[in-house]
Amino acid sequence: MRMRKRRSAAAGGLVVAITLSACTQAPGTGGGEANGALTVVCGAQEDWCQALTAAFQRKTGIKTGFVRLSSGEAVARLRASKDSPEFDVMHGGPADGYVAAKQENLLAAYSSPVAGDIPARYKDPEGYWTGVYVGALGFCSNTGVLKRLGLSAPTSWQDLLAPKLAKQVGSAHPATSGTAYVAVWTQVMLHGGDQDAALEYFKKLKTNVLQYSKSGSAPGQQAGRGEIATGVIFAHDCVKFQDEGMTDLQLTYPAEGTGYEVGAVGLIAGARNPDAAKKYIDFALSPEAQEIGPTVKSYQLPTNPKATVSAKSVDLSTVKLIDYDFVAAGDAKKDLVARFDSDIATAPKE
């Protein structure tokens with residue numbers, strides 16, 4: 001699949017949040033009644049999750065809570081509760097996580113009538129997931145730290161290997177973070193599909209990585225606080241942190257090419273309130289819902305062509321994108337993440 005050019009938690013932290021005044025609601029048991037309580041597992045920034053679920057609750061009157069988890073953590077929770085699902089909808093986080101969840105029968109097919117507005121390249125043809133936003137991977141750097149190190153902002157993946165960046169690069173772990181897995185798959189594609197070569201790159205990069213966080217956006221916060229020079233995160237998260245007062249941050253993109261995400265939404269298999277879940281998916285795909293992000297400084301590109309695009313969203317025509325195949329990335333995810341963990345993240349120092 002080819003796309004034409006055109007989150008706030010502390011590192012390693014797990015955020016659980018609920019919309020409005022409600023506590024996390026147990027999924028409704030009302031025999032599919034759409035007015036039962038709804039629970040969303042949400043992979044985007046916490047305030048984005050809260051804004052979307054709160055808007056849906058106001059619009060429909062359906063009590064809606066959410067649990068904020070990174071993509072890998074969300075799939076792990078779905079797997080663990082497969083026989084008695086604790087969530088009804090998965091919302092946000094890169095599509096390759098949805099591909100992996102589909103393979104494990106953790107999602108149910110639902111072709112929303114609103115999905116007809118979404119371009120085919122942003123959705124599963126069988127209706128297991130549909131894209132709600134697009135984001136490009138970039139480098140989020142602290143200009144003050146870079147100046148102290150005598151470096152310019154990185155503009156290539158090779159720049160991150162500079163000896164002066166020892167323990168100055170932030171990255172999440174692909175087992176928990178969809179952002180980090182996009183970075184891993186980006187290297188696979190830049191190395192012609194050679195997974196071994198891609199992992200060799202990350203072995204070299206490990207010397208410069210301060211720590212592998214759980215949250216994909218955490219490295220941007222680390223850079224904003226001056227704890228590291230550069231974080232590998234999605235561009236919209238870097239812009240969000242700039243807007244929130246981290247004015248030393250500078251956003252750049254790798255010249256060799258970068259990966260991108262299609263943040264998605266999907267119905268969880270065995271959801272206790274499937275009718276309400278389907279209403280939520282319909283809402284998430286609408287222009288109304290996709291225009292909420294910028295109100296909480298989340299500047300992902302909407303997938304619905306009828307939605308207004310923020311001037312602060314990335315102009316993909318200015319960024320070199322790789323040919324990112326979400327199905328191939330999802331197929332490879334389990335084994336590739338396991339290799340990353342054993343060969344790189346937890347491997348003893350040489």
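Contact here means heavy atoms within 4.5 Å. This is a predicted model, in which local features need pLDDT of at least 70 and side-chain atom pairs count only at pLDDT 80 or more, while totals for chains, interfaces and linings use all residues. Residues are numbered from 1 along each chain as its sequence is written, and side-chain values use heavy atoms, with hydrogens and water left out.

**Exercise 1. Describe the surroundings of Asn142.**

Step 1. Place the residue. Asn142 belongs to strand S5, residues 130-142. Helices (H or I, at least four residues) and strands (E, at least two) are DSSP runs, numbered from the N terminus.

Step 2. Decide whether Asn142 is buried or exposed. Its relative accessible area is 3%, so Asn142 is buried. The cut-offs are under 20% relative accessible area for buried, over 50% for exposed and partly exposed in between, with a 1.4 Å probe and protein chains only.

Step 3. List the contacts. Without its neighbours within four places in sequence, Asn142 is in contact with Ala223, Gly224, Gly226, Ile228, Ala229, Asp248 and Leu249.

Step 4. Pick out the polar contacts. A polar contact is a pair of N or O atoms within 3.5 Å; within protein, one must be able to donate a hydrogen and the other to accept it, and residues adjacent in sequence count only if both atoms are side-chain atoms. The Asn142 side chain reaches the backbone nitrogen of Val145 at 3.1 Å. A polar atom of that side chain also lies 2.8 Å from the backbone oxygen of Ala223.

**Exercise 2. State which residues of helices H2 and H8 are buried, and what packs against them.**

Step 1. Take H2, residues 71-80. Its buried residues are Ser71, Gly72, Glu73, Ala74, Val75 and Leu78.

Step 2. Find the cover of H2. The elements over these buried residues include strands S1 (38-42), S3 (89-94) and S10 (260-268), together with helices H3 (95-103), H5 (178-190) and H11 (326-345).

Step 3. Take H8, residues 235-243. Seven of its nine residues are buried, and the helix is mostly covered. The buried ones are Ala235, His236, Asp237, Cys238, Val239, Lys240 and Phe241.

Step 4. Find the partners of H8. Its buried residues pack against H1, S5, helix H7 (218-224), strand S8 (230-234), strand S9 (249-252) and S10.

Step 5. Look past the helix end. Gly245, just after H8, has a positive phi of about 115 degrees.

**Exercise 3. Characterise the largest cavity.**

Step 1. Give the volume. The largest cavity has a volume of about 110 Å³. On a 1 Å grid over the protein atoms alone, a cavity is a set of points where a 1.4 Å probe fits but cannot get out, and lining residues have an atom within 4 Å of a point. Grid points are joined across faces, edges and corners, and the volume is the space filled by probe spheres set on the points.

Step 2. Name the lining. There are 14 lining residues, and the closest to the centre of the largest cavity are Trp48, Val132, Tyr133, Ala289 and Gln290. Two or more lining residues come from each of helix H1 (46-60), S5, helix H10 (287-290) and strand S11 (301-302).

Step 3. Sort the lining by class. It holds nine nonpolar, five polar and no charged residues. Ala, Val, Leu, Ile, Met, Phe, Trp, Tyr, Cys and Pro count as nonpolar, Asp, Glu, Lys and Arg as charged, and the others, Gly among them, as polar.

**Exercise 4. Locate Asn105 and Lys167, and give the phi of each.**

Step 1. Asn105 sits in the loop between H3 and strand S4 (107-108). Its phi is near 60 degrees, a positive value in a residue other than glycine. Asn105 is exposed, with a relative accessible area of 53%.

Step 2. Lys167 sits in the loop between helix H4 (143-149) and strand S6 (169-172). Its phi is positive, about 60 degrees, although Lys167 is not a glycine. Its relative accessibility of 39% makes it partly exposed.

**Exercise 5. Judge the confidence of the model.**

Step 1. Begin with the whole protein. The average pLDDT (the predictor's confidence in each residue, from 0 to 100) is 91, and 90% of the residues score at least 70.

Step 2. Find a weak region. Over residues 1-33 pLDDT stays under 50, and the model has 102 contacts beyond four places in sequence for them. Where pLDDT is low, the predicted coordinates should not be read in detail.

Notes. On a 1 Å grid over the protein atoms alone, a cavity is a set of points where a 1.4 Å probe fits but cannot get out, and a pocket is an open set with protein on both sides within 12 Å along at least five of seven lines; lining residues have an atom within 4 Å of a point.
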